[in-house]
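Hi,

Here is the structure I promised to pass on. Have a look at it first, and my notes on what turned up follow below.

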Amino acid sequence: MPHHAEQLLHPPLGFGLGLRIPHYEAILESRPAVDWFEVLSENYMVPGGKPRHYLDRIRENYPIVMHGVSLSIGSSDPLNRDYLKQLKTLTDQIEPRWISDHLCWTGVDSTNLHDLMPLPYTEEALQHVVDRVSAVQDILGCRLLLENVSSYVTYKHSEMSEWDFLREVAQRADSLLLLDINNIYVSSFNHGFDPVEYIDAIPVNRVQQFHLAGHRNQGGCIIDTHDEPVIDRVWELYEHAVRRFGAVSTMIERDDNIPPLEELLAELDRARHIAKQALTQIADA
Amino acid sequence: MSALRDLQQDFMTAVFSAKKAALARHLVGTASERAWRIDIYRNNAVSNLSSALESAYPVIVKLVGAEFFRYAAQEYISRYPSVSGDLHVFGEAFGAFLAPFPPAAQLPYLPDVARLEWLCHKAYFAADHAPFALDRLKQVAPEHYGRLQFRLNPACALFESAFPVDRIWQVNQDHHTGDQALDLSSGAATVVVKREMYRVAVNALPRSEWCGLHALSTGHTFATACDVALQIDPDLDPGAALRRWVEEAILVDFSISA
């Protein structure tokens, strides 16, 4: 059954940041002009202590979305029911606006790499992932957002492009998408494709959230490290994405080499400014 | 076996055992290009798991230095794969791993320091529990005192070692400003790990008190705990000790056994 955009997507939240431990106190004290925070689900799947204490106080003042790294939706192992139970429990407690994880696999034979591994873009993998996304959405009772990951290898037996695979998963499993603009750029550099072609192939009515991040360019290859500011080329792609997808909830994702909150707020202001300009130009056109 | 499973198993082999040939046949690119691309994933996996160990074992890092720690971490990662998607539980066996680890044989206290750090790591994320008011104990009729059973705070743990692990732990904290002196021959330690305002602390307890608390924490009654403690120190005042344990929120609840 075809859906209309307004039926699929949650209302946009504006401009957010990933919630990181070094900023807990500053957020509570200064109440920064951030529209929402994204939390790493696994960091709060603990019985108690500091992270849960601060999250409970921060979510009194800010909308929260949950972002996971361990769902391993593409693994050929059975779905991890314990993990899903924990995720569901946390969801009931935190009441996030939505839940995301990555279109990847993170381990097999019950061993975890704790890294986001790329899938082969085959019909077999597609069907496997679609079945599992449907099962997870049934358990969680909501549409999952799937995020594109950065990758460093290309499989010989892939039968379609990454963007075709991403689009097919979302449409067949009726899920939503978290587009990481930096990851698109990193993979386009590493594999030599056109990032604009990628963005233009993604259905407008499925994109709920954007990630923006930095990376390390090691010459022949870009490593997705999330420990640097967003680069200009990624800002340009972001502007292109806003023109295509509209006012999508956008956040800066910094996982390492975490700067003072003010620096991330300045980066977030740049996102606000770029999005506003792009949307104004569309409106005027 | 499905093609997807086949590929994923080959990937795991390439990452954890450095045998790249099986994975390389699935990849595009020249031989050298495929090799360095696989190495990115090897480095990422080892670095993510090493970072998790480093953050759980900061004192061990200080004691052995970053380079030795990285070597030990790599050995540990290859022998103890991460079986949970939850990175918080990775590294539990590091103390047991260090005990027979030949390069660490010169530092016999290392395994116990690691075991203590793991208890601290767990205490950091443990469930919160409100302390209870001493007044509640006053409502218990004196004839029931012997049958009192107590609950240890979920964010507390008891640990004993033949080495002064409490001092080793304390002088290696980033915020430690006091006396740096450390006498490794000062003998055994009986310690309690506690979480105070979301910061984990390690405090020494007199052996008598520690044994009494240990008895309580393993389900014994207050009468038994008193016997154990008084055998070690006949001058101990069990009532005063109990008050301290409740006031410091080491014990957080009680019941009267049948």
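Before the notes, one term you will need: two strands pair if DSSP finds at least two bridges between them. Keep in mind, too, that this is a predicted model.

Let me begin with chain B, where that term comes in handy. Strands E2, E3 and E4 of chain B form an open sheet of 3 strands, in the order E2-E3-E4, with antiparallel pairing. Strand E2 (157-161) and strand E4 (199-204) of chain B are at the edges with a single partner strand each, so one side of each has no neighbour in the sheet. On average, neighbouring strands here are turned by 25° against each other, ignoring direction.

Zooming in on one pair, E2(B) and strand E3 (residues 189-196) of chain B run antiparallel and are joined by 5 bridges. If you want a spot to click on, take Glu160(B): its bridge partner in E3(B) is Thr190(B).

Two helices go with this sheet. Helix H10 (residues 207-217) of chain B packs on it and touches E2 and E3 of chain B, with a direction that makes about 130° with that of E2(B). Helix H7 (residues 110-125) of chain B lies across E2, E3 and E4 of chain B and runs at about 25° to E3(B).

Now for chain A. Which strands make up the closed barrel of chain A? There are 8 of them, running E1-E2-E3-E4-E7-E8-E9-E12, and the pairing is parallel. Neighbouring strands of this sheet are turned by 30° against each other on average, again with direction ignored. One pair to look at is strand E2 (residues 36-40) and strand E3 (residues 64-67) of chain A, which pair in the parallel sense over 4 bridges. There, Phe37(A) stands opposite Ile64(A) in E3(A).

Chain A also has a hairpin. Strand E5 (residues 105-108) and strand E6 (residues 111-117) of chain A run antiparallel, joined by 3 bridges. Val108(A) has Thr111(A) as its bridge partner in E6(A). The hairpin has 2 residues between the strands, and Asp109(A) takes a positive phi near 55° in it.

On to helix packing in chain A. Two packed helices are described by the angle between their axes and the distance between the axes. I picked out two pairs.

The first is helix H5 (residues 123-140) with helix H6 (residues 162-173) of chain A: their axes come within 9 Å and cross at roughly 40°. H5(A) and H6(A) are therefore oblique to each other, and their crossing is right-handed. Among the residues making the contact are Val129(A), Val130(A), Val133(A) and Ser134(A) of H5(A), along with Phe165(A), Val169(A) and Arg172(A) of H6(A). Sorted by class, this contact has 8 nonpolar, 3 polar and 3 charged residues.

Ser134(A), which lies in helix H5 of chain A, deserves a second look. At 27% relative accessibility, Ser134(A) counts as partly exposed. Ser134(A) and Ser175(A) are 41 residues apart along the chain, and their C-alpha atoms are separated by 8.2 Å.

The second pair is helix H9 (residues 232-245) with helix H10 (residues 261-284) of chain A, packed at an angle of about 40° with their axes 9 Å apart. H9(A) and H10(A) are therefore oblique to each other, and the crossing is right-handed. The contact includes Trp235(A), Tyr238(A) and Val242(A) of H9(A), and Ala271(A), Ile274(A) and Leu279(A) of H10(A). By class, it has 9 nonpolar, 1 polar and 5 charged residues.

Finally, two more residues of chain A. Is Leu13(A) buried or exposed? At 15% relative accessibility, Leu13(A) counts as buried. Leu13(A) lies in the loop between helix H1 (5-8) and strand E1 (15-18) of chain A. Beyond its neighbours within four places in sequence, Leu13(A) is in contact with residues including Trp36(A), Val65(A), Trp98(A) and Ser249(A). Leu13(A) is also 9.1 Å from Gln209(A), C-alpha to C-alpha, though 196 residues separate them in sequence.

Asp56(A) lies in helix H3 (residues 50-58) of chain A and, at 35% relative accessibility, counts as partly exposed. Asp56(A) and Ile94(A) are 38 residues apart in sequence, with 7.8 Å between them in space, C-alpha to C-alpha.

Cheers

Notes
Residues are numbered from 1 along each chain as its sequence is written. Chains are lettered from A and ligands numbered from 1 in the order in which they are written. This is a predicted model: local features need pLDDT of at least 70, side-chain atom pairs count only at pLDDT 80 or more; totals for chains, interfaces and linings use all residues. Side-chain values use heavy atoms; hydrogens and water are left out. Axes are lines fitted to C-alpha atoms, for helices over the stretch in contact, and angles run from 0 to 180 degrees between N-to-C directions. Angles under 35 degrees count as roughly parallel, over 145 as roughly antiparallel, 65 to 115 as roughly perpendicular and the rest as oblique. A crossing is left-handed if the near helix is turned anticlockwise from the far one by less than a right angle, and right-handed if clockwise. Contact means heavy atoms within 4.5 Å. Ala, Val, Leu, Ile, Met, Phe, Trp, Tyr, Cys and Pro count as nonpolar, Asp, Glu, Lys and Arg as charged, and the others, Gly among them, as polar. Buried means under 20% relative accessible area, exposed over 50%, partly exposed in between (1.4 Å probe, protein chains only).
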